[in-house]
Structures are given as C-alpha cells and as structure tokens.
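Me: Please take me through the charged, nonpolar and backbone features of the model shown here, one question at a time.

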Amino acid sequence: MTTRRTLTLLLLLFAFTLSAQEQRPEYTTKRLEGNPPIIDGKIDEGAWDQVPWAGNFYQRQPDDSAPVSQETQFKIIYDNRYLYVAWRAFDDDPERIEARLSRRDDFPGDWVEINFDSFNDKRTGFSFTASASGVRGDEFISNDGQNWDTSWNPFWFTRTNIDSLGYTAEARIPFSQLRFSKAEKQVWGLQVNRNFFREQESSSWSPIKQTQPGWVSRFGTLKGIEGIKPRKPLEIQPYVLGQVRTGGDVDENDPFNQQTESRLSAGLDGRIGLTNDVVVDFTINPDFGQVEADPGAINLDGFQIFFREQRPFFVEGRNIFDYRLTQAEAGGQYNRDLLFYSRRIGGSPSRFVGGNPANGIYVNQPENTTILGAAKVSGKTQDGLAIGLLSSFTEREHAKIMNNNQETSTQVEPFTSYNVGRVQQDFNERQSSIGVMFTSVNRDINSPELEFLHRSAYSGGVDLVHRWKDRAWQLRVNGVFSNVQGTEEAILRTQTAFERLFQRPDADHLRVDSTATSLSGTGGTVAIGEFDGNWVFEMGGTFRSPGLELNDIGFLSNTEQINYFAWVARRWRNPVGIFNRFQWNQNIYLGWDWSGVSLNRRYNTNVWGQFKNFSNFNFFVNLEQQDISRNALRGGPLFWRPPGYAFGGGMGTDQRKLLRAFFYGNTGRAYSGNVMGSSVGVDIAYQPFDALSLVVNPDFSWSQRRDQYFDTQVDGDRTGYLHGSINQQTLSLTLRATYNLTPDFTIQYYGQPFIARGVYDEFKIVDDPLARDFDDRFIIFAEDEISYDENANRFRVNDDADDDVDFDFRNPDFNFLQFRSNLVIRWEYRPSSTVFLVWSQGVTGGADPNKNVIRALQDDLFNNEIQNTFLVKATYRWVR
C-alpha cells in the first residue's frame with residue numbers, strides 16, 4: 001500500500017507540474033501617473049515604480065527542460081499615446097555581454113524582445129527587439145509564428161545601458177503602430193523573450209516547448225490597459241533624389257549614349273488609417289535606388305530564374321499576399337509557384353528592340369518599366385477577418401530608334417494595371433483559416449508590335465488551413481484557376497511557351513488551337529500532417545493543369561504535372577549525447593504528366609543538427625530513379641534524362657565566435673556516368689570589433705553533361721534537337737561589409753563578381769528520346785560530318801551524304817562575366833527618416849571561352865567600361 005500511495009502521489013505531482021508548466025502567465029499593467037520616463041535605457045525614473053517587475057522566464061533553447069542561466073525581468077506602463085517597456089537582463093559577468101552593432105533587424109549579440117498580440121487573435125503579433133548595443137529590431141508576426149516579416153518598420157524608440165548587474169533597455173511604442181479593438185478594457189496576448197548570446201540560450205516568459213507547433217497561440221496574457229482609443233494611423237514620407245550616372249561602353253556615333261546622365265526626382269510614400277484595423281499604404285513615383293543589386297545567375301535548362309523582392313513598398317506587409325500553391329516542404333520545382341510575384345511590376349519591358357550600329361541603327365531601350373504609383377489596403381478586424389488589396393499602374397514605355405539620323409519611336413510596354421485582392425477568415429478558435437485571392441492584369445495595347453501580350457490575365461484561388469488537437473494536426477487545401485485573353489498570336493504564344501508546350505509531337509492529349517483568343521487552367525494542393533512531438537510528418541499531392549498561366553502577375557515554373565510528396569522527420573530538440581539538437585528527415589517525390597506517364601521518382605534523406613560546442617552541420621543524399629522531362633527538348637517529345645545520385649552537406653563553426661565559417665559542398669553523377677558535377681563554397685564572417693562585420697562567400701561549381709540541349713532546327717521533314725557535351729564552370733565571390741558608427745548610422749558594401757563558362761563538343765541529335773541507353777538515344781556527328789567556320793564562328797553539319805548543309809548553328813561556347821556592387825551610407829537621423837548616399841557599379845561582358853573562370857576573372861572582368869551611379873536620397877517620415 002505504501003508503494004502504491006507513493007506512486008500515486010508522484011504521478012499526481014508530475015501531472016500538477018505539467019499543468020503548471022502549461023498554464024499561461026498573466027501580467028497586469030497600470031496607467032502612468034505623472035511624467036513619463038525618459039527613454040535612455042537606465043530605468044531610474046520614479047514612473048517605473050508604479051508597477052512591479054515580472055520574471056520567471058523559461059529556457060526554450062538549447063534545453064527547454066532546464067532552468068535559465070540568467071534571470072530576466074520586465075515592466076510595462078502606458079498613457080493615452082504610448083506603451084512604455086523596461087527590461088532588466090541580469091548577467092553575473094557583464095564584461096562579457098555581447099554588444100555587437102549592425103543595421104536594424106539584424107539582431108546582433110545579446111538582446112531582449114517583447115511581442116504583443118494586440119488583436120488577441122492567437123495568430124498575429126507585433127515584435128519589438130532591443131539589442132544590448134542599442135540596435136532596434138521589429139517584425140510583424142503572422143500565421144501563428146510561421147511568418148516573421150522584418151520589412152515592417154514601425155515608428156518607435158529604444159535605448160539600452162550596460163551596468164554592473166547586466167544590461168537594461170527601455171522602449172516607447174506608440175499605440176498608433178499597433179492594432180486593437182475599441183473595448184474599454186483591453187486583453188492582449190503577451191510574450192517577452194531574451195537571447196543570452198554567449199550560451200546560445202533563448203528564454204521566454206510564457207513557456208513554449210521546442211516540439212510544440214505555434215507561437216502566438218502560446219503567448220501569456222496582458223491585462224490592465226483601459227480607456228485608450230484606437231488611433232487611425234496617418235504617416236507621410238516624402239523623398240527627394242538626385243542621381244548621376246557615368247561611364248559604361250559609349251559608342252561615339254550613338255546619339256543616345258552619353259558619358260554622363262543626371263536626374264532629379266521626388267516622390268511620396270504614405271499610410272492612412274481607414275479604421276484602426278485597416279490601413280492604406282501608397283507610393284507615388286517610387287524609387288528603389290538604394291536596393292541591393294540582384295546576384296548573378298545563368299540558367300541553361302529553360303526555367304525562369306527566381307529573384308527575391310527587395311523593394312520596400314512590395315516587401316512590407318507581403319505576408320498577406322503570400323499565396324503559395326505548394327509549401328516548401330513539398331519540394332521539387334513547385335516551391336516558388338505563386339499567385340502574386342511582385343517582381344512582375346516594374347520589370348524589364350516585354351519587348352526588346354535591338355540596334356545594328358554597322359548599318360547606322362541605334363536604339364535607346366528602357367531598362368525598366370516606370371511605376372507611376374501603387375497602393376495597398378491591409379488589415380485585420382477583431383472578428384479575425386484579414387483583408388489585403390493592392391493596385392499598381394505602370395507607364396507606357398517607348399524605345400527610341402535612330403536610323404541614319406532619322407529618329408522614330410516604338411512601344412515596348414503598354415500602360416498596365418496590376419491588381420491583387422486577398423481575404424482570410426479565422427475560425428475554430430483562431431486555429432484555422434479559410435481564404436480567397438484574386439488577381440488581374442489589364443494592358444492597354446494600342447500598338448500592333450505588342451499584340452503578342454495578353455490584354456488581360458486573371459487568376460484566383462481558395463485556400464483552407466485547418467488545425468486541430470491544439471494545432472498538432474494540420475490539413476492544407478488550396479485550388480487555383482487562371483484565364484488569359486488576347487489575340488490569336490498571344491494565345492498561340494502562350495500555348496507553345498516553355499511552361500506548356502502543347503505542340504509536343506507525342507502529346508496526343510494536348511492540342512494547339514491557333515484560333516483561340518483565351519486560355520484557362522487550374523491547379524491545387526491537398527496535404528495533411530502532424531507537427532507536434534518528436535515524430536512529425538506530412539503527405540499530399542499537387543497538380544497543375546496544362547492551361548494554367550500565372551506569369552503575368554505570379555510565378556509559375558511548369559504545368560501539366562501531378563505530384564505526390566511525403567516526408568517524415570524525427571526530432572531531438574533537447575540536448576542528447578553529443579548534440580544540442582538533431583533532426584533526421586526522409587522525403588519522397590513522385591510525378592506524372594497529364595496523360596498518366598510516370599515522369600520522376602526521387603528520394604531524399606537528410607540530417608542536420610548542432611553539437612554541444614555549438615558547431616552545426618547538415619548532410620543529404622538524393623537518389624533519382626527516373627527523370628523524364630517534358631521541357632528538355634523545348635517542344636519536342638518526352639525525353640529520358642539519366643537518373644543518378646547526389647550527396648553533400650556542410651559544417652559550420654560556433655556562430656558566437658568573432659571569426660566563423662560554414663563550409664559546404666556537394667557532388668553527384670548519373671548512374672551511367674554521362675552527367676556529373678560538384679560544387680564547393682564557404683561562408684566566412686569576421687567581426688574584428690563590435691562596429692565592423694565582414695562576410696566573404698566564394699562559391700565554385702563545375703559539371704560535365706553529355707546531353708545539353710542548345711537548339712532545334714528543321715531539315716526537310718526531319719526535326720533535329722541539337723545537343724552537345726558541355727563542360728561548365730561557375731564562380732562567384734560575394735563580399736559584404738557593414739560598419740556602424742552608431743546603431744542608426746551605417747556604411748554597407750556589397751560586391752559580387754560572377755563568371756560562368758561553358759565549352760561544348762561532341763555535337764549530336766536526338767534519335768530515340770526515351771531510350772535508356774545513351775548510344776540509342778543520340779546520333780553523334782562524325783568528324784567528317786561537321787565543320788567549323790572560324791570567321792563566322794559557326795558549325796555546319798552534313799550528315800546525309802548529299803551536298804546540302806543540314807544543320808547550321810552558332811558556336812554555343814560562352815564565357816559570361818558580370819560585376820555588381822553597392823556602397824550605401826545610411827543615416828536614420830530620426831526614427832524611420834533616412835538619408836542615403838549610394839555608389840553603385842556595374843559591368844557586364846564576355847571572355848574567350850578557352851579561358852577558365854580564374855583566368856577570365858583576372859584578365860577580362862573589367863575590360864569593359866564600368867558604369868557608375870551616384871545617388872543621394874533623403875526621406876522624412878511624419879507620424880501623427
């Protein structure tokens with residue numbers, strides 16, 4: 001009996017302990033009486049004595065079952081306009097506090113943070129971070145912590161101070177930067193966090209286990225705010241800009257090319273509150289001259305290259321417009337398929353007009369389409385209804401043509417409107433949501449030269465995310481549609497584009513309709529999984545119909561496929577053995593085309609983790625059992641590509657060190673040996689002192705492929721899909737440096753030389769595209785069947801023993817060089833008001849393909865004239 005009673009008491013004590021750990025803490029604030037505190041980081045004003053300190057933090061990483069190494073406390077008070085927050089981060093060795101400087105939102109060294117769920121919807125939140133060095137960080141949290149938007153830059157103040165007990169921080173946060181109800185007594189979600197840098201320890205006031213899904217839904221409660229009125233935000237931010245561009249290759253006979261060009265412009269950004277919950281952001285004549293240049297890239301497989309959005313207006317608040325057809329976990333080429341891809345707005349003109357200087361023809365082609373203005377409405381009501389509307393207009397663009405001293409112009413881009421609408425409604429106690437999205441593009445085409453474009457393009461979707469069992473289980477369902485309209489020329493171009501290829505000779509289930517003036521398509525995804533505990537998994541399927549087209553305003557890489565995916569992971573999130581944390585994943589991907597032909601079978605296993613010494617690693621193995629491509633022959637039949645394997649990984653040093661590095665590499669080959677490649681790189685970061693950080697990232701890859709497509713030509717009744725064996729090398733060297741004079745005054749440099757070289761030989765045509773054996777799949781041209789004209793730089797093929805040339809093609813060898821850099825001096829002279837001084841450089845050229853990339857980098861990268869752009873931009877943010 002004694003043993004049973006003892007076991008019973010132990011079980012009850014254990015259950016009580018679990019219950020106590022799961023109970024969410026509460027904090028009650030008070031209205032400020034008297035003068036507000038001075039925000040200097042010292043917490044020595046009497047105003048703070050009106051409320052007690054709150055503490056009792058729980059460790060979250062590396063071990064959520066262990067106590068915290070250092071205690072943390074906080075206080076909150078308020079008045080009619082502001083919330084005031086104070087933190088006390090104790091440290092028994094304050095000389096070792098890491099007070100690294102960086103730009104806003106970089107979260108360097110030691111820091112403290114507060115999150116408010118002022119909607120109290122358990123899905124969205126506002127995060128404010130103060131580093132020990134005084135750097136501010138702020139993020140908008142959505143989807144219960146799955147999205148953290150660092151582009152959100154509210155107007156607030158913070159200061160920090162290091163003393164003998166550790167460090168302290170103070171913040172003043174305007175209520176106008178938050179969204180909340182009109183209730184007399186407010187009840188908000190609240191979370192307070194700390195990063196203890198030298199122990200790599202994360203702790204939180206409201207406990208959250210590492211294996212638990214969700215973030216905002218596990219906040220504690222903030223009470224005591226009474227009698228405040230929601231303030232409709234009103235913010236105006238004008239800018240003025242002066243720019244000088246000089247250099248570049250200048251043809252003395254070209255009337256459009258000037259050695260030096262200058263311009264002066266102005267614009268306006270603003271935010272107006274329709275209600276406390278819903279705001280309008282707008283921009284007039286936006287300029288993005290301070291934005292970092294895109295990295296160099298070259299792609300030989302025909303798929304579009306995805307570049308991330310960096311322009312502030314489109315980045316901020318993008319989470320509500322982020323409609324992904326398939327989540328990243330599903331893998332494969334569908335990861336980036338989006339209903340809305342903002343880089344479509346203001347991109348390069350759709351039509352390119354080339355000149356011919358040898359014949360006296362010169363062209364002034366616009367580099368980008370002018371954005372006249374844009375506006376977006378976004379917000380979320382207290383009932384859990386999130387809305388987002390975006391509209392933008394781009395200018396009609398013309399290219400100027402000088403033909404033997406006769407100047408004319410021709411349209412290269414029509415006046416266009418882009419529109420996006422998004423609505424989501426929470427339900428099931430805010431665990432789940434259902435939403436719809438709709439997009440439209442309308443072009444005013446009044447020139448025959450632009451009839452190849454869609455006059456209108458519409459797309460939309462419905463999505464459901466349903467979670468249950470305390471968010472452990474999740475069901476994701478979405479369905480999308482598209483409809484494009486235009487001339488017969490435009491729709492024929494769409495049907496035969498790389499993503500669709502209706503003209504494939506073996507695609508009996510597809511038909512090219514040369515008289516069609518519209519095209520429609522659908523897509524969708526269904527996935528279910530469990531995300532709580534040590535074992536997690538997800539499985540599902542996704543499809544794209546042949547007629548789906550999203551690329552007028554979205555991003556679509558491919559169509560006419562049905563994919564199945566599944567993954568399972570075992571997680572060790574608390575320290576075990578030699579690891580702080582460790583995870584193993586297994587993935588499977590299967591795909592078919594619209595007629596049911598099996599296209600691909602791929603398997604992946606990978607591990608990643610962190611050792612007890614805080615070094616980290618990852619490793620993967622990919623096995624491909626089948627790869628049949630719809631696109632490889634650019635409109636030809638299905639094509640067998642040799643399956644194979646790849647493996648690789650990386651190892652990184654302790655990220656706390658002033659000098660740290662992450663080494664990575666991978667290698668792979670086809671089982672047949674006809675394809676092979678490898679790549680290596682290293683990320684090296686060095687912080688010689690708190691104000692300076694240096695990053696260098698060299699990356700080198702090389703590959704050999706015997707079945708590289710480069711052209712299609714017709715010889716009588718024979719279509720030749722021309723291939724060669726390619727030896728390819730790519731080298732990039734990314735350099736970054738950041739120097740902080742103060743937390744609000746930074747000097748940043750970004751530079752990247754990029755070189756890609758490809759050399760072809762062993763030219764051939766496809767014989768049997770689905771043959772497993774290489775020699776059956778291709779016919780290799782014999783030496784006496786192919787000749788090279790060095791003066792014309794062309795190959796000519798006669799492979800049927802007559803007197804006529806059967807195939808004639810330019811030498812496909814290439815050696816592409818590019819250098820881009822930005823030097824940005826950024827002074828935030830008052831919160832969110834900034835002066836930029838920018839120096840950008842760019843040069844693009846080529847080199848002899850016989851030179852390897854190292855030799856080309858040394859000899860030819862700067863052979864062409866460098867173009868320099870100098871820019872001064874000043875913004876002022878006025879907040880009511």
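The questions and replies below go through salt bridges, the core, surface patches and backbone geometry.

Reply: This is a predicted model, in which local features need pLDDT of at least 70 and side-chain atom pairs count only at pLDDT 80 or more, while totals for chains, interfaces and linings use all residues. Residues are numbered from 1 along each chain as its sequence is written, and side-chain values use heavy atoms, with hydrogens and water left out.

Me: How many salt bridges does a search of the whole structure find?

Reply: A salt bridge is counted when a side-chain nitrogen of Lys or Arg lies within 4 Å of a carboxyl oxygen of Asp or Glu. With that criterion applied to the whole structure, the number of salt bridges found is 46.

Me: How many residues apart in sequence are the parts that Glu 828 and Arg 104 tie together?

Reply: Glu 828 and Arg 104 form a salt bridge in which the closest N and O atoms are 3.2 Å apart. Both Glu 828 and Arg 104 are buried, where buried means under 20% relative accessible area, exposed means over 50%, and partly exposed is in between, with a 1.4 Å probe and protein chains only. Helices (H or I, at least four residues) and strands (E, at least two) are DSSP runs numbered from the N terminus. Because Glu 828 lies in strand β44 (residues 814-830) and Arg 104 in the loop between β5 (82-90) and β6 (111-117), the parts that the pair ties together are separated in sequence by 724 residues.

Me: Is Glu 309, which meets Arg 311 in a salt bridge, buried or exposed?

Reply: The side chains of Arg 311 and Glu 309 meet with an N to O distance of 2.8 Å. Arg 311 has 10% relative accessibility and therefore counts as buried. Since the relative accessibility of Glu 309 is 9%, Glu 309 counts as buried.

Me: Which strand holds Arg 718, the salt-bridge partner of Asp 799?

Reply: Asp 799 and Arg 718 form a salt bridge through their side chains, at 3.0 Å from N to O. Asp 799 is in the loop between β42 (794-797) and β43 (807-810), so the pair ties together parts 81 residues apart in sequence, and the strand that holds Arg 718 is β38 (residues 718-742).

Me: Which residues are joined into one network by salt bridges that share partners?

Reply: Asp 799 is buried, with a relative accessible area of 18%, whereas Arg 718 is partly exposed at 26%. The network joined by salt bridges with shared partners consists of Arg 104, Arg 136, Asp 138, Asp 744, Arg 826 and Glu 828.

Me: Which element gives the largest share of the largest nonpolar core?

Reply: A nonpolar core is a set of buried Ala, Val, Leu, Ile, Met, Phe, Trp, Tyr and Cys residues joined through side-chain atoms within 4.5 Å. The largest such core has 48 residues, and those with the most contacts inside it are Phe 74, Leu 83, Phe 116 and Leu 190. The elements giving two or more residues to this core are β4 (72-78), β5, β6, β7 (125-131), β11 (166-174) and β12 (188-196). The largest share, seven residues, comes from β5.

Me: Which elements give two or more residues to the nonpolar surface patch?

Reply: Patches are made of residues with over 30% relative accessible area and no salt bridge, with like charges joined within 9 Å and nonpolar side chains (Val, Leu, Ile, Met, Phe, Trp, Tyr) within 5 Å. Val 423, Phe 427, Ile 434, Val 436 and Val 462 make a nonpolar patch of about 370 Å². The elements that give two or more residues to the nonpolar patch are β23 (415-427) and β24 (432-444).

Me: Where is Asp 767 found?

Reply: Asp 767 gathers with Asp 768, Asp 773, Asp 775 and Asp 776 in a surface patch of negative charge. Asp 767 counts as partly exposed because its relative accessibility is 48%. The place of Asp 767 is the loop between β39 (745-766) and α4 (774-777).

Me: Which peptide bond is cis, with omega near 5 degrees?

Reply: Pro 62 is located in the loop between β3 (58-61) and β4. The cis peptide bond runs from Gln 61 to Pro 62.

Me: What is the phi of Lys 122?

Reply: Lys 122 lies in the loop between β6 and β7. Phi is positive here in a residue other than glycine, and for Lys 122 the value is near 60 degrees.

Methods:
Accessible areas come from the Shrake-Rupley method with a 1.4 Å probe; for residues, only the protein chains shown count as cover. Lys and Arg count as positive and Asp and Glu as negative; His and the chain ends are not counted. The place of a charge is taken as NZ of Lys, CZ of Arg, CG of Asp or CD of Glu.
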